[in-house]
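The exercises below ask for a reading of salt bridges, helix packing and single residues. Each task is followed by a worked solution.

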Amino acid sequence: MVLVDRFGRPVTNLRISLTNECNLNCFYCHREGQTLNFEDMKPEEIERIVRIASQLGIKKVKLTGGEPTIRKDIVEIVRRIRPYVEDLSMTTNGTTLKLLAEPLKEAGLDRVNISLDTLDREKYKAITGFDVLPQVLEGIDKAVKLFHPVKLNMVCMKGLNDEEIWDMIDYAAQKNAILQLIEIEVPKEMENSWFFKKYFYPLKPLEEKFEKIAVEIKERQMHRRKKYFIPTDYGIAEVEVVRSMHNTIFCANCTRIRLTSTGHLKTCLLRRDDLVDIITPLRSGASDEELIGIFKKAVLMREPYWR
Ligand code: SAM
């Protein structure tokens, strides 16, 4: 069984924010579209919601935040939800991976995405507010030994790190990691903000270059994102491009539903009017059938943001 929304889009992925807290403070961060910030869900509550989701055909789960690894019970959460999930991944800033990569792997995590916008220590500090680049690079070294694939998430920003993109492609090839180049994403009401105007770096021209030099191009089902295989001095780099702004194809091929750390289903990162409370009924003794009904309600609220 797979749930399908009113636009014919199957829902197969769940992106769970485990906390809205973070040990870094990236100035551009969308915090997965979460504005509420009260009590985080407990491990057993997350497990139950993931079990219900898996009965509805949602077999891919990504853990995010805030920073998911600052939760003291992160290994327990991974261990609890592992049995219900075919592909269990996490996006992390990498600051804790030197210590946590091994326990997370043992608990059943399949793969990690690590955010890395720059290889320049000063810039890293300017973007995140913390001088922890060496620690993150150590975390990446540890992760690539244990997980495959490791993806590096680079949010590309005009005048800040756009000139580093080719260095990052080399670095990813060296580490045998996949590089995800990401355009800054903001809701419609923020498109005129100084921040978006100053830093938005469109990736279309770069994609056109990639089309010419790639030895192979693939298209992922999710968002129909393109993946380019680019030759470098260190071997072939795998580079994925994530362009969501005003991208109707991206939204038409979105298979994701979200769960906030406060226990609300959320249909779209960029919407502000789309929360469906699942934690209150769960805490008040709702049956599995009632929770399934809440999932179905949320799926029916899904709408492509760009269309
Ligand atoms: N703390 C974790 C991390 O750093 O990966 C998980 C949360 S973070 C919000 C998840 C991903 O979203 C990161 O790769 C981050 O770079 C990306 N991101 C945050 N704000 C963004 C924005 N405005 N546009 C595009 N990507 C963004």
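A residue is called buried when its relative accessible area is under 20%, exposed when it is over 50%, and partly exposed in between, with a 1.4 Å probe and protein chains only. The model is predicted, so local features need pLDDT of at least 70 and side-chain atom pairs count only at pLDDT 80 or more, while totals for chains, interfaces and linings use all residues. Residues are numbered from 1 along each chain as its sequence is written, and side-chain values use heavy atoms, with hydrogens and water left out.

**Exercise 1. State how exposed R121 and D131 are, and describe their pairing.**

Step 1. R121 has a relative accessibility of 45% and therefore counts as partly exposed. D131 is partly exposed as well, with a relative accessible area of 38%.

Step 2. A salt bridge requires a side-chain nitrogen of Lys or Arg within 4 Å of a carboxyl oxygen of Asp or Glu. R121 and D131 form a salt bridge, with their closest N and O atoms 2.8 Å apart.

Step 3. R121 belongs to helix α4 (residues 121-128), and D131 to the loop between α4 and α5 (133-146); the two are ten residues apart, and the pair links distant parts of the chain. Helices here are DSSP runs of H or I with at least four residues, strands are runs of E with at least two, and both are numbered from the N terminus.

**Exercise 2. Find which parts of the chain the salt bridge between E32 and R15 ties together.**

Step 1. The closest N and O atoms of E32 and R15 are 2.8 Å apart.

Step 2. E32 sits in the loop between β3 (13-17) and α1 (43-55) and R15 in strand β3, so their pairing ties together parts that are 17 residues apart in sequence.

Step 3. E32 is buried at a relative accessible area of 8%, and R15 is also buried, at 14%.

**Exercise 3. Describe the salt bridge of R82 with D110, then place it among the salt bridges of the structure.**

Step 1. The side chains of R82 and D110 meet at 2.9 Å, N to O.

Step 2. R82 lies in the loop between α2 (74-81) and β5 (87-92), and D110 in the loop between α3 (97-107) and β6 (111-115); they are 28 residues apart and link distant parts of the chain.

Step 3. With 27% relative accessibility, D110 is partly exposed.

Step 4. The structure holds 32 salt bridges in total.

**Exercise 4. Give the geometry and the contact residues of α2 with α3.**

Step 1. The helices pack at an angle of about 20 degrees, and their axes are 8 Å apart. Axes are lines fitted to C-alpha atoms, for helices over the stretch in contact, and angles run from 0 to 180 degrees between N-to-C directions.

Step 2. Angles under 35 degrees count as roughly parallel, over 145 as roughly antiparallel, 65 to 115 as roughly perpendicular and the rest as oblique. α2 and α3 are therefore roughly parallel to each other.

Step 3. The crossing of α2 and α3 is right-handed, meaning that the near helix is turned clockwise from the far one by less than a right angle.

Step 4. I74, V75, V78 and R79 of α2 make the contact with L100, P103, L104 and A107 of α3. Contact means heavy atoms within 4.5 Å.

Step 5. These contact residues divide into seven nonpolar, no polar and one charged. Ala, Val, Leu, Ile, Met, Phe, Trp, Tyr, Cys and Pro count as nonpolar, Asp, Glu, Lys and Arg as charged, and the others, Gly among them, as polar.

**Exercise 5. Repeat the analysis for α3 and α5.**

Step 1. α3 and α5 pack at about 20 degrees, with axes 8 Å apart. That angle makes α3 roughly parallel to α5.

Step 2. The crossing of α3 and α5 is right-handed.

Step 3. On α3 the contact uses L97, K98, A101, E102 and K105, and on α5 it uses E138, G139, K142, A143 and L146. Four of the residues in this contact are nonpolar, one is polar and five are charged.

**Exercise 6. Is L160 buried or exposed, and which residues does it touch?**

Step 1. L160 lies in the loop between β7 and α6.

Step 2. At 17% relative accessibility, L160 counts as buried.

Step 3. Leaving out residues up to four places away in sequence, L160 touches F27, K123, I127 and Y199. The C-alpha atoms of L160 and K123 are separated by 7.8 Å, and the two residues are 37 apart along the chain.
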